[in-house]
Amino acid sequence: MDLDSNNSKPIETTAEVSSTVQPTNQTTVANLKSHHKKAELKHPSNRNWLIHLHYVRREFNTCKQIIFEELLRLNGQSEYANYILALIYRSEGKMQESLDKLQVCHELEPTNANTVRQIARSLFLLGRHKLAIDAYQKAQMLNEDSDAETHYNMGMCFLFMMDLDKAKEHMNLSLQSRVTHKAFEAMAQIAIAKNSIQEAIGIYEKAVRVFPENAEVLSNLGVLYMKAGRDDIAFSRLGSAIAFDPWNPKATVAVASMLQTYDDYDQALAKYKVVMQTMPDSASVWNNVGMCFFGKRKYVASISCLKRAYYLSPFDWKILHNLGLLHLHMQQYASAFHFLTASINLKPDQSHTFMLLAVAISHLDDVEYAKHAYEQAIRLNIQNITTDPVNLVLNYAVSLFNHKKFSESHQKLVEVYNIIENGSGVIIEEDSKEIYHRVKTALKLMEFVFPDDNDQDVITSGAVAPPAATIPGAQPRKRVTTQQSVDQQAIGNLDPDLV
Amino acid sequence: MWLDAFSDTQATIYTFPNCVATADLAGDGDYRLIIADIGTGTIPSKLKIYKGTGLQSEVTLQDVPTAVAPMFIDNDSPRLPVITVGTSEYIYVYKNLRPFFRAVLPPLQINSVERDIWGQYDSEETLFELLKNLRSQIGMSALTLKSQHLLTLPQHERHSFLEAHKGTPLVRKNIVTCLSTLRKSHNEDDALACLVIGTENCEIFVLHPETFTPIDEAKLTLTDVPVFLSTAGLFDIDYTLTCTTRSGQLLIGRRGWVSPLLSLSKPPVGVVCLDTSIIVALMDATINCYSDKGSRLWTISAVSPITCLHRVQLRQRNLELVAVGLHNGHVSLYTLSGECTDTISFNEPISALYFGQYGRECNSMVCVTQGGSLHVKILKRSADFTPELKEKGAGAMTKLQIPKKTKLFVDQTMRERENSIVMHRAFQRDAFRMKLATARTLVHVLNTKQSPIQESVKLSAEVLGLGPSFVVRIGVMNIGPKSGVGSTGISDLALFFHWNDKFYDVSPPIIHVPFLVPSVEVKFQAKVESINPNGLADVIRVIVLRKKQAQPILVAMINMPPSEVVF
């Protein structure tokens, strides 16, 4: 073709075009090599649109093929081809290759702020946050207008570097130029990282005012209120989150777990069913469903659910703890022992697990080890009170009694009495009282002396001892009543974590 | 709901939605299908015209077509449209399927520094260096074609390139990225129209219908390269251009004025502009509907990546739908409120979709799959597009799938309940025994030097032959305490064979190892003769000894293969 066609006037080139029989435009390598000998130069970026279309349609293989043809034609010096190749490599997880290609792009088009931003993104994904921040600053210099996205990304870098103040500053800048819920969420994360739930709640409240229909923000806010112990507000926030998005798993799980703590197992199970549609592989949900069944006393279903949770997440100490508890309840002491030891191996600072382990060992007829476990549980409970000390020591006393160590049992029972005496505000469960009195009566028959014999019975004063018939499964044998107390613990120990 | 009108699985068409259109090319009311085939390295690009159930004609194109647009460029009657094809910097116009003329996009301004460099360079090296410096300041795309090509060439080809292009002028060309048409003054199907062009240099031109020159007052300059372009209104009165860019911005343009409406989270795959709303399919397989004010009305996600999007107008019924082509071979039709009303499935990913008049049937769907086959379907008169009422709570009604437990499980539970103490003790005892056995084995291994834990010598052995004669080949390597730099050689080693004399005869029974240099494997051979009449196999031990030291350094066991028996 001739070259005079570069004047903008349309020319009647009928004759020229009709000579299209000759097979030009073949992009074979041989042709490419000899291409510059032809009169007309091919534009380096005349196939960018094709690369772009294949890229957005996710036809990455075809796209790469065209890119490689283009790079061969241009000795690797095509900015857009390299750029898309970098993005494809990134989506394939080849971070370093992606970064290298972007560096080539930057060399070819040093003024393109977008390339610099992508380089920063690659550095960010590679975990080189310091370098990423430098790159973002460079991008800002190339592109003068204040950019919400860049500030947000820089904030995220600082957040990962745990430089919370700088992160907050950048998030604020980002919010100033454009209000996004992502930036609000990052701000709240910063606040949580600073251990200030109140501040995080404040930020989310602001976000809810701007985005009143965003289910994500609403459910996060609800969960935060739950953590802060404001269950009433939490419930209303989560309710509105579900109203806007009935399938939001986070809000639904939070509501269900709340229902579960208030012993409304049927409602909770109905909610979990909904969640199960979207996330059937969540160990936490299976765990909670299992504990719901436990609350409803459907033990086989409960074991099934917990075993699935355990299968999905074998290293979660809470699931193992619950499994141990359940097996203890099913009188499968040998299995309970295994689950509880596994749980302790993963999280050795939970006094409650040690107490359950002690009960299991006591039933396995190894009183010395049971005593060790109880001692450990009491030690841990002093540092960090997670178990009701009355129940703990009472269980200890019952176990000793069952193994006929009456004098030690007496000591422990006196200890229980002292705890109740000293801590005036302690609420004692009815069942615990019942057991306390049974053991006491039995020991009294063996002529042990109790400090509360003389004065009015501290424990029963005020509350009338419930008639024996109302206590479910009340048995004359102490052995079984120990179970009962453990059972009470069990229901109190539903696992409301996961949110 | 659809009738198969015609399909050609051997069509081998490689095209995009922008390159498919229908038009009444002959003026006889029989609409032809126009497909610009991009072609591949060996197959040239072609313009294919289909009529009825077959290919009517083919025109070979000069370059890869970006988009085609049939349009009316004169007021003559009978009303015959021309086909405009955008390929790199040219717009080819075909009339009666014959080349009519071509228009060139206006060239871009050349940087004055670059012009000076080309005007007064003294040697090729300085020219190259100067251009390279210039590139690092203003970027590759701001240079002229000649400079860009020169910069990509390796050193030995530069001279011949400069020779070949000595006289050619410096030009910066523009590239077409998308095409659309805009009616000029009458809103009728066969009214005079202007061509609207998006370019690689981030501009949008409106061309004059008769002269094909850009109308200056209508030129728009964007911040990014346009990808999808659609128009509404009349050029002479008022019009709106809706355009998306490569980075995912949605822009609204009017005469000489452009503003961003919103930025999409991902680059768009297809855009359909309606009167008051815009439907955009994104790269993350979601279909989003935005109002013309930029607020999102709804969003739905498709089951597989979306490849194309096309507007479906049923004029007789006053109904509008959106057809979505998916990567899994489905074409789904959605109402404007986002409900799926119908799905057609093909056995290949969809590559291009078109809906419009073909032949005499005004409701035809054209579909090109990725493998290159072409399908035309006609909508039945009785087709019903009322979406099915979906029960929202249907999913929640399904029962919770709790894994069932067998009777065996219950039996085992009962067994454990009765015998838990015994079971526990048995387990504890066995656990202790296992620990003890492990510890003993470890001590044994350490004592007999069977494991090369702290040793500096590595042994490898292989057995060659089928028997009764074998060759055992032993490789000895000094891997040193810190193998590599700083490790020293080992001397005074010997290999000693230990075997059962009822099975084998080994010679030589002892091999002296020379000085061992670090990281070099030295190989030795020993001949093993099987003397067992039944060809049974046994183990031969290789013991590495240091001279004058009773403790072996390393012991390796060679499991011999069973030997062939000689009769």
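Start by selecting Ser332(B), which sits in strand S24 (residues 330-335) of chain B. The model is predicted, so the tour goes through computed features only. Ser332(B) counts as buried because its relative accessibility is 5%, and buried means under 20%. Now show what surrounds this residue. Beyond its neighbours within four places in sequence, Ser332(B) is in contact with Val322(B), Ala323(B), Val324(B), Leu326(B), Cys340(B), Asp342(B) and Thr343(B).

Stay in chain B and pick two cysteines. Is Cys289(B) buried or exposed? Cys289(B) is buried, because its relative accessible area is 1%. Cys362(B), at a relative accessible area of 28%, is partly exposed. There is no disulfide to look for, here or elsewhere: a search of the whole structure finds 0 over all chains.

Next, select strand S33 (residues 510-513) of chain B and display its side chains, which alternate. Ile511(B) and Val513(B) point to one face and are buried. Ile510(B) and His512(B) point to the other face and are not buried. Add strand S31 (residues 493-498) of chain B, which runs antiparallel to S33(B) and is joined to it by 4 bridges. Within this pair, Leu493(B) stands opposite Val513(B).

Move to chain A for the largest nonpolar core, which has 142 residues. Which of them touch the most other members? They are Ile51(A), Tyr55(A), Ile67(A), Ile84(A), Met171(A) and Val289(A). Helix H5 (residues 79-91) of chain A gives the largest share of this core, 9 residues. Apart from this core lies another, of 25 residues, and Ile474(B), Val506(B), Val542(B) and Leu554(B) are among them. In soluble globular proteins, nonpolar side chains tend to be buried together.

Go back to Ile51(A) and show its contacts. Leaving aside neighbours within four places in sequence, Ile51(A) is in contact with Cys63(A), Ile66(A), Ile67(A), Glu70(A), Tyr80(A), Ala81(A) and Ile84(A).

Finish where the two chains meet. How many residues does the contact take from each chain? Chain A gives 80 residues and chain B gives 90 residues. About 7500 Å² of area is buried between chain A and chain B, with carbon and sulfur atoms giving 59%. The rule finds 1 salt bridge across this interface. To see a salt bridge, select Asp365(A) and Arg425(B), whose closest N and O atoms are 3.9 Å apart.

Conventions. Residues are numbered from 1 along each chain as its sequence is written. Chains are lettered from A and ligands numbered from 1 in the order in which they are written. This is a predicted model: local features need pLDDT of at least 70, side-chain atom pairs count only at pLDDT 80 or more; totals for chains, interfaces and linings use all residues. Side-chain values use heavy atoms; hydrogens and water are left out. A disulfide is a pair of cysteine sulfur atoms within 2.5 Å. Buried means under 20% relative accessible area, exposed over 50%, partly exposed in between (1.4 Å probe, protein chains only). Helices (H or I, at least four residues) and strands (E, at least two) are DSSP runs, numbered from the N terminus. Two strands pair if DSSP finds at least two bridges between them. Contact means heavy atoms within 4.5 Å. A nonpolar core is a set of buried Ala, Val, Leu, Ile, Met, Phe, Trp, Tyr and Cys residues joined through side-chain atoms within 4.5 Å. Buried area is the accessible area (1.4 Å probe) that two parts lose on being put together, summed over both. A salt bridge is a side-chain nitrogen of Lys or Arg within 4 Å of a carboxyl oxygen of Asp or Glu.
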